[in-house]
Amino acid sequence: MICIVCPKSCRLRMAESGEIQGQGCARGEEYGRSEFMNPVRTVTSTVRISGTGQPRCPVKTGRPIPKSKVLEAVRFLDGVELQAPVLTGDAVCRDILGTGVDFIATRSLHIQKSKEDSQ
Ligand code: SF4
């Protein structure tokens with residue numbers, strides 16, 4: 001695999017002994033070990049929201065989750081609809097797929113009064 005930590009793009013491989021080879025530095029070794037043994041990703045997406053002028057609220061995982069669960073986590077959001085108000089940093093979905101990681105709102109969306117309410 002190619003290390004993406006810096007522009008040098010070293011070619012990493014894992015020997016049968018579990019040793020990471022081909023790295024140009026310690027950061028690449030750490031990256032390679034993580035990618036070969038337990039790859040994780042931070043997921044960013046959006047989720048439906050009502051009660052505000054915006055149709056969707058941007059969210060991201062509070063921590064990286066296993067790469068194998070990324071698609072399932074995004075599909076899970078299809079069934080979620082938030083209700084305004086939502087503040088940046090709010091945990092809007094807790095313990096995604098049993099990972100212990102929450103989806104966090106990355107934008108504050110406040111209640112929008114209808115025209116009838118404001119008259
Ligand atoms: S192994 Fe180190 S030097 Fe090579 S691409 Fe990764 S971070 Fe850069």
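Just 18% of the 119 residues in the protein chain are buried. Keep in mind that this is a predicted model. Its protein chain holds three helices and nine strands, and the radius of gyration is 20 Å, well over the 14 Å that the globule rule gives for 119 residues, so the chain is more spread out than a compact globule.

**Overall layout**
- Going along the sequence, you meet the elements of the protein chain in the order β-β-α-β-β-β-β-α-β-β-β-α.
- The C-alpha trace of the protein chain spans about 70 × 30 × 20 Å along its principal axes.
- Take the contacts in the protein chain with a separation of 6 or more: 49% of them are between residues 24 or more positions apart.

**A cis peptide bond**
- Ala-84 and Pro-85 are joined by a cis peptide bond, with omega at about 5°.
- To find Pro-85, look in the loop between strand S7 (81-83) and strand S8 (91-93).

**Positive phi at Ser-9**
- Ser-9 isn't a glycine, yet its phi is positive, at about 55°.
- Ser-9 sits in the segment before strand S1 (13-14).
- Ser-9 counts as exposed because it has 12 C-beta neighbours inside 10 Å, and a residue with 12 or fewer is exposed.

**Positive phi at Leu-97**
- Leu-97, also a residue other than glycine, has a positive phi near 50°.
- Leu-97 belongs to the loop between S8 and strand S9 (103-105).
- With 13 other C-beta atoms within 10 Å, Leu-97 is partly exposed.

Terms used. Residues are numbered from 1 along each chain as its sequence is written. This is a predicted model: local features need pLDDT of at least 70, side-chain atom pairs count only at pLDDT 80 or more; totals for chains, interfaces and linings use all residues. Helices (H or I, at least four residues) and strands (E, at least two) are DSSP runs, numbered from the N terminus. A residue is buried if 20 or more other C-beta atoms lie within 10 Å of its own, exposed if 12 or fewer, and partly exposed in between; C-beta atoms are placed from the backbone. The radius of gyration is taken over C-alpha atoms; the globule rule is 2.2 Å times the number of residues to the power 0.38. Two residues are in contact if their C-beta atoms, placed from the backbone, lie within 7 Å.
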